[in-house]
Amino acid sequence: MKTSDIAQLQQSSDVIQLQQSRVLDAGIVAANAFVDDPVFTYIISDDREFRLRSLTWLMSKAIAYFTQHNHTYTTHNLEGIAAWLPPGQSVSDPFELLKTAWNLQLYALPTKVHWSRWGRCLTVLSAIEQAHQQDMGNCPHWYLGIMVVDPSSQGRGVGGRLLQPILQRASSEGVVCYLVTFTEQAVRFYQKHGFEIVQSQKTVPDAPPFWTMKRNP
């Protein structure tokens, strides 16, 4: 076996399921990676320290939810997180959305977003869900809810490795993968892994754009 093949095998074996005991640590990793993301600056606050605290809480809640579905991946050193919802688990029914929000304690969300940004937050979330329904409807698909790499580990292929368990499974099962992202850099990353842009839009002129993308099997 070639040295390069051995290295690739070692890298792929480093991808593991995130355990519930590591959710809080994963939330910190995600918050640090997302703190300067344009969408969170727009919907949370211009105050970076406030934004980091809010994101740590929000990411921990979101990751805890995804781990319930057993498709949240990381590495032994917690270099990043890829959290998926399997086909049929994306929530769009209003009652189910409300129940999920209550279980995640998202009734506390208004205290985590600067009061003047609450309207922006609701507008962006609504636009994302509307686009999701337009793009996928009732088509079964894997939904990539969180994809993040620790800033100190970026540029090492971590993100690509974290995607592989579900990309390979989706291809073998003939199922589409779907995601939403807010930066052109992320768009280019996903395109390298077989995703194509479905649509791009802004909720309002001063909001950051977002892209919906899907990967056909």
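The following dialogue examines how terms such as buried, paired and core apply to this predicted model.

User: What makes up the protein in terms of helices and strands, and how many residues count as buried?

Analyst: The protein contains 8 helices and 7 strands. Of its 217 residues, 45% count as buried. The protein exposes about 11,500 Å², and carbon and sulfur atoms supply 52% of that area.

User: Why is Leu163 called buried?

Analyst: Buried means under 20% relative accessible area. Leu163 has 0% relative accessibility, and therefore counts as buried. This residue lies in helix α7. Leaving aside residues up to four places away in sequence, Leu163 touches Trp84, Leu144, Met147, Phe189, Tyr190 and His193.

User: How far apart are the C-alpha atoms of Leu163 and Thr72?

Analyst: They are separated by 10.0 Å, while the two residues are 91 residues apart along the chain. For the protein as a whole, residues 24 or more positions apart account for 72% of the contacts with a separation of 6 or more.

User: Why is strand β5 described as largely enclosed?

Analyst: The conclusion rests on the count of buried residues: 6 of the 6 residues of β5 (residues 176–181) are buried, so the strand is largely enclosed by the rest of the structure. Val176, Tyr178 and Val180 point one way from β5, Cys177, Leu179 and Thr181 point the other way, and all are buried.

User: How do you know that β5 pairs with β4 and with β7?

Analyst: Two strands pair if at least two bridges are found between them. Strand β4 (residues 141–149) is joined to β5 by 4 bridges, and these strands run parallel. The bridge partner of Tyr143 in β5 is Tyr178. The chain passes from β4 through helix α7 (residues 158–173) to β5, in a β-α-β crossover that is right-handed. With strand β7 (residues 210–215), β5 pairs in the antiparallel sense over 5 bridges. Here Cys177 stands opposite Arg215 in β7.

User: What is the strand order of the sheet, and why are β1 and β6 said to stand at the edges?

Analyst: The open sheet of 7 strands has the order β1-β2-β3-β4-β5-β7-β6, with mixed pairing. β1 (15–17) and β6 (196–201) each have a single partner strand, so one side of each is left without a neighbour in the sheet. From one strand to the next, the twist averages 25 degrees. For β1, the pairing with strand β2 (residues 72–75) is antiparallel, over 3 bridges. Val15 has Thr75 as its bridge partner in β2.

User: What makes a group of residues a nonpolar core, and which residues have the most contacts inside the largest one?

Analyst: A nonpolar core consists of buried residues of the nonpolar kinds, Tyr and Cys among them, joined through side-chain atoms within 4.5 Å. The largest such core has 39 residues, and those with the most contacts inside it are Phe34, Phe40, Ile43, Leu55 and Ile146. Elements giving two or more residues to this core include α2 (23–34), α3 (38–43), β4 and β5. The largest share, 7 residues, comes from α4. Leu55 touches Ala31, Phe34, Val35, Phe40, Ile44 and Ser60, not counting residues up to four places away in sequence. A second, separate core has 23 residues and includes Trp84, Met147, Val187 and Met213.

Technical notes: Residues are numbered from 1 along each chain as its sequence is written. This is a predicted model: local features need pLDDT of at least 70, side-chain atom pairs count only at pLDDT 80 or more; totals for chains, interfaces and linings use all residues. Side-chain values use heavy atoms; hydrogens and water are left out. Buried means under 20% relative accessible area, exposed over 50%, partly exposed in between (1.4 Å probe, protein chains only). A crossover is right-handed if, with the strands pointing away from the viewer, the path from the first strand over the helix to the second runs clockwise. Contact means heavy atoms within 4.5 Å. Accessible areas come from the Shrake-Rupley method with a 1.4 Å probe; for residues, only the protein chains shown count as cover. Axes are lines fitted to C-alpha atoms, for helices over the stretch in contact, and angles run from 0 to 180 degrees between N-to-C directions.
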